[in-house]
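Happy to go through this one with you at the bench. Ask how each label was earned, and we can set the values against the definitions.

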Amino acid sequence: MKISRRNFTGLAGALALAGTFGLGGAAAAETIKIGIIGPFSGPFALQGKNFQAGVEAWLAQNGKSVAGNEIEIVYRDLPTANPQQARALAQELIVKDKVQYLGGVYFTPDALAITPLLKQGNVPLVIFNAATSAIMTSSPLVVRTSFTTGQTTTPLGKAAVDRGIKKFVSAVTDYGPGVDAEGAFKKAVEAAGGQVVETIRMPLNTTEFSPIMQRIRDAGAQGVFAFLPSGPPTLGFVKSFNDTGLKQAGVKLFATGDLTQESDLPALGEAAAGMITGFHYATSHDSEANRKFVEAGEKAIGGPGQLTFPAVGAYDGMYVIAKMIAATAGKQDAEKAVEAVKGLAWESPRGPVKIDPETRHITQTIYLREVAKDAKGNWINKEIQSFPEQKDPGLAK
Ligand code: PHB
């Protein structure tokens, strides 16, 4: 809150008001706390570090005050999918830390554990990653700035069939975003005249992928579609696809961009070369807004080679939270805050985006990309085709 001189007629009035707000100075500001939950340690720590880099990049570019209110970020570590812990952390942030906003959340089961707390806590949740369609229907106080696997997969199905491949195996992690991805791929492939001959669902804690590769080989498919949550599982899967000889045998691997996040590309190298993915963001996206974002993000994360998609979800999430703070003049009113961002459109580092007023999920361009080397010899997700204004097909009415 800003106190301007013309509201007062002298020192006595200014002191009285400063006393009311319990502050010593003549100018007072409310501090608004934003609680961010993510994997900041453990096997998925790089994904949490990317949340933080996105938040810090936004703060570096926009400052720590929104509409006259200071903002304070409170980070809470949730290393892996753990709904019970997610709920406890969110509860503590709401009740003890008195956050006005919640953000972050990498895994779907954690998001679903938090949404029942929002109404009573009068706190909106802006999801920076968790990508299952149904999360949006679990509370009217959720807004999402990431993607859904239905959104990233749908254009991929047709693109795969267009490349002359008709017979596919789908291999996904057996939970929300994997099940959504499998359904979206099957639907898109069948609509384009192809066929999914086998669907494989892998437990979330799978680390040994050679039996899966054997099943893919036995199915005799020409193409594979895969989704796993980005981090050690995706690196393991793509490596195994290569190491077990499937790539060499000419089987074509299609996936969501989760499998080729930029931080993994140097380690994958030739193993991922030529892979076609569907996704909302590549760090190599050619725009001025993205160059500025990458510069700020790399500075925040401590150098090149680590910045990847959760950072853009967080950066745009901060944009949305700032709009909510401005629309409520810093007051805690979750419903009004969410209402204010319905239909909000802006240019993200990923391209033009909009919060769909009906679903509160982000409408965006989905890109078809190919793992290739850039002019400097670095592996990138090279954008080869764009599908603009994609809503979440998983939430289509
Ligand atoms: C999710 O749990 O929703 C999730 C996690 C990691 C991803 C995508 C989706 O890369």
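**Salt bridges, helices and a hairpin**

The structure holds 11 salt bridges. This is a predicted model, where local features need pLDDT of at least 70 and side-chain atom pairs count only at pLDDT 80 or more, while totals for chains, interfaces and linings use all residues. Residues are numbered from 1 along each chain as its sequence is written, and side-chain values use heavy atoms, with hydrogens and water left out.

Q: Why is the pairing of R76 with E92 called a salt bridge?
A: The term asks for a side-chain nitrogen of Lys or Arg within 4 Å of a carboxyl oxygen of Asp or Glu. The closest N and O atoms of R76 and E92 are 3.8 Å apart, so the pair meets that definition.

Q: What does the pair of R76 and E92 tie together?
A: R76 belongs to strand β3 (residues 69-77) and E92 to helix α3 (residues 83-95), so the salt bridge ties together parts that are 16 residues apart in sequence. R76, E92 and D97 are also linked in a network of salt bridges.

Q: How do you know whether K158 and D162 are buried or exposed?
A: Buried means under 20% relative accessible area, exposed means over 50%, and partly exposed is in between (1.4 Å probe, protein chains only). K158 has 47%, so K158 is partly exposed. D162 has 54%, so D162 counts as exposed.

Q: What makes K158 and D162 a salt bridge, and how are they placed in helix α6?
A: Their closest N and O atoms are 3.0 Å apart. They are four residues apart in α6, so about one helical turn separates them.

Q: How do you know how helix α6 packs on helix α7?
A: Axes are lines fitted to C-alpha atoms, for helices over the stretch in contact, and angles run from 0 to 180 degrees between N-to-C directions. For α6 (residues 149-162) and α7 (residues 176-191), the angle is about 30 degrees and the axes are 8 Å apart. Contact means heavy atoms within 4.5 Å, and the residues making it include T153, L156 and K158 of α6 and A181, A184 and F185 of α7.

Q: Why are strands β14 and β15 called paired?
A: Two strands pair if DSSP finds at least two bridges between them. Nine bridges join β14 (residues 362-373) to β15 (residues 379-390), so the two strands qualify as a pair. They run antiparallel, and the bridge partner of Y367 in β15 is S386.

Terms used:
Helices (H or I, at least four residues) and strands (E, at least two) are DSSP runs, numbered from the N terminus.
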